[in-house]
Amino acid sequence: METINRVIIDTDIGSDIDDALAIALALRSPELKLEGVTTVYGDSDLRARMVSKMLQLCGRTDVPVLAGLNPSLLGNRPVWMAGHEGDGLIEPGEELAYDTCHAVDFIINTVMSNPGEITLILIGPLTNIAAALIREPLVANNVKEIVLMGGVTRLGDNGADLRVVEHNIACDPEAASVVFGSGAPIMMVGLDVTLKVRITEKERQDLIRSGDPLNLKLADMMERWFAYVKEEHTFMHDPLTVSLLIDRSLVKTKKMSVQVEYDHRPRTGQTIASFADDANVDVCLDVDSDRLVQLLMSRLLKENAS
């Protein structure tokens with residue numbers, strides 16, 4: 001009997017295209033039961049409307065969408081937004097409703113009501129989850145697992161080429177410190193692996209040829225992101241993170257302890273991984289990138305995926 005993973009996705013959808021592709025992958029993967037999507041950072045209301053539009057395009061009415069926190073945990077970090085969030089997906093003046101419950105309340109209530117059953121997939125800054133852990137520390141004991149896109153260890157074979165800090169952690173390093181220090185079981189999907197996985201204009205054209213309404217919107221948003229970064233490829237940070245609830249053999253990991261080192265500067269928040277007897281983080285250090293792209297595209301194009 002196939003195992004169904006019950007998941008909540010917490011996302012800062014709207015800038016890079018990878019959040020939207022990750023949510024689309026989750027929606028089209030029968031191995032996942034999407035209990036809800038929560039949004040975080042900058043303009044969580046706009047981000048919630050984006051998720052609602054994606055669900056509408058898929059004909060999904062069974063997934064609650066909840067907006068969360070906009071500033072960093074301490075309100076001490078500048079918020080970065082690209083400025084094109086929602087373009088290519090939401091029409092001007094389009095009304096898109098979402099749940100009135102707050103994302104932090106939803107996360108606490110869902111995890112605590114289903115001990116050991118809910119996996120949190122975190123593909124944005126960790127503010128919502130940190131707030132949930134501060135309000136109810138027992139979330140760390142009752143969550144099945146936290147699978148997060150964030151950080152970088154520079155311990156893999158590409159370490160010399162990687163930057164020292166990663167966006168999701170740098171946006172709210174205080175929140176990241178709360179999450180990594182909570183004792184919850186964590187899988188860390190950092191730049192060590194995500195920068196090995198890319199899709200290109202070829203995959204964008206495949207989405208267009210499919211004619212699927214959601215895929216056409218994804219292709220439009222992807223074109224805007226390519227123009228923003230002045231490239232015809234982008235990295236699959238968040239789809240890789242979601243994919244590990246479908247096929248964990250895509251990555252190689254080591255069990256480690258992770259601390260977040262930060263100070264008052266805007267771009268701070270280095271994730272330091274080390275071996276420890278009480279290690280609670282499976283750190284991803286290598287990935288089968290070709291197989292991940294094959295999985296992602298086969299699901300989006302509604303083909304049979306192995």
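Visitor: Is K230 buried or exposed?
Guide: This is a predicted model. K230 lies in the loop between α10 and β8 (233-235). Its relative accessibility is 72%, and the cut-off for exposed is over 50%. K230 therefore counts as exposed.

Visitor: What is the phi of K230?
Guide: K230 is not a glycine. Even so, its phi is positive, at about 60 degrees.

Visitor: Which residue in the loop between β5 and α6 has a positive phi although it is not a glycine?
Guide: The loop runs between β5 and α6 (167-171). The residue in question has a phi of about 60 degrees. At a relative accessible area of 36%, it is partly exposed. It is R154.

Visitor: How are the rings of W225 and Y228 arranged?
Guide: The structure holds two aromatic pairs. In the pair of W225 and Y228, the ring centres are 5.3 Å apart and the planes stand at 20 degrees. Planes under 30 degrees apart count as stacked. So the pair is stacked.

Visitor: What separates W225 and Y228 along helix α10?
Guide: Helix α10 covers residues 213-229. W225 and Y228 are three residues apart in this helix. The separation is therefore about one helical turn.

Visitor: Which residue of the W225 and Y228 pair is buried?
Guide: Y228 has a relative accessible area of 36%, so Y228 is partly exposed. W225 has 9% relative accessibility. Buried means under 20%. The buried residue is W225.

Visitor: Which residues form one aromatic cluster?
Guide: The stacked pair belongs to this cluster: W225 and Y228 are both in it. W80 is in it too. The cluster is W80, W225 and Y228.

Visitor: How are α1 and α10 oriented to each other?
Guide: Two packed helices are described by the angle between their axes and the distance between the axes. The axes of α1 and α10 come within 10 Å. They cross at roughly 160 degrees, and the crossing is left-handed. Angles over 145 count as antiparallel, so α1 and α10 are roughly antiparallel.

Visitor: How many nonpolar residues are in the contact of α1 with α10?
Guide: From α1 come A20, L21 and A24. They meet L214, L218, M221 and M222 in α10. The contact has no polar and no charged residues. The nonpolar count is seven.

Visitor: How many of the residues of helix α1 are buried?
Guide: Helix α1 spans residues 18-27 and is mostly covered. Its buried residues include D18 and D19. A20, L21 and A24, which meet α10, are also among them. The count is ten of ten.

Visitor: How many of the residues of helix α7 are buried?
Guide: Helix α7 covers residues 173-180 and is mostly covered. Its buried residues are P173, E174, A175, A176, V179 and F180. That is six of eight.

Visitor: Are α3 and α4 parallel or oblique?
Guide: Helix α3 (residues 103-113) and helix α4 (residues 127-135) have axes 9 Å apart. Their packing angle is about 60 degrees. The crossing is right-handed. By their angle, α3 and α4 are therefore oblique.

Visitor: How many charged residues are in the contact of α3 with α4?
Guide: α3 brings A103, V104, D105, I107 and I108. α4 brings N128, I129, A131, A132 and R135. Seven of the contact residues are nonpolar and one is polar. The charged count is two.

Visitor: How is α9 oriented to α12?
Guide: Helix α9 (residues 201-210) and helix α12 (residues 289-300) have axes 10 Å apart. They pack at an angle of about 20 degrees. That makes α9 roughly parallel to α12.

Visitor: How many nonpolar residues are in the contact of α9 with α12?
Guide: The crossing is right-handed. E203, D206 and L207 of α9 touch V293, M297 and L300 of α12. Two contact residues are charged and none is polar. The nonpolar count is four.

Visitor: Is V143 buried or exposed?
Guide: V143 sits in the loop between α5 (139-142) and β5 (145-149). Beyond four places in sequence, V143 touches V111, I118, L120, A184 and P185. Its relative accessibility is 4%, so V143 counts as buried.

How values were computed: Residues are numbered from 1 along each chain as its sequence is written. This is a predicted model: local features need pLDDT of at least 70, side-chain atom pairs count only at pLDDT 80 or more; totals for chains, interfaces and linings use all residues. Side-chain values use heavy atoms; hydrogens and water are left out. Axes are lines fitted to C-alpha atoms, for helices over the stretch in contact, and angles run from 0 to 180 degrees between N-to-C directions. Helices (H or I, at least four residues) and strands (E, at least two) are DSSP runs, numbered from the N terminus. Angles under 35 degrees count as roughly parallel, over 145 as roughly antiparallel, 65 to 115 as roughly perpendicular and the rest as oblique. A crossing is left-handed if the near helix is turned anticlockwise from the far one by less than a right angle, and right-handed if clockwise. Contact means heavy atoms within 4.5 Å. Ala, Val, Leu, Ile, Met, Phe, Trp, Tyr, Cys and Pro count as nonpolar, Asp, Glu, Lys and Arg as charged, and the others, Gly among them, as polar. Rings of Phe, Tyr and Trp (its six-membered ring) pair if their centres lie within 6.5 Å; planes under 30 degrees apart count as stacked, over 60 as edge-to-face and the rest as tilted. Buried means under 20% relative accessible area, exposed over 50%, partly exposed in between (1.4 Å probe, protein chains only).
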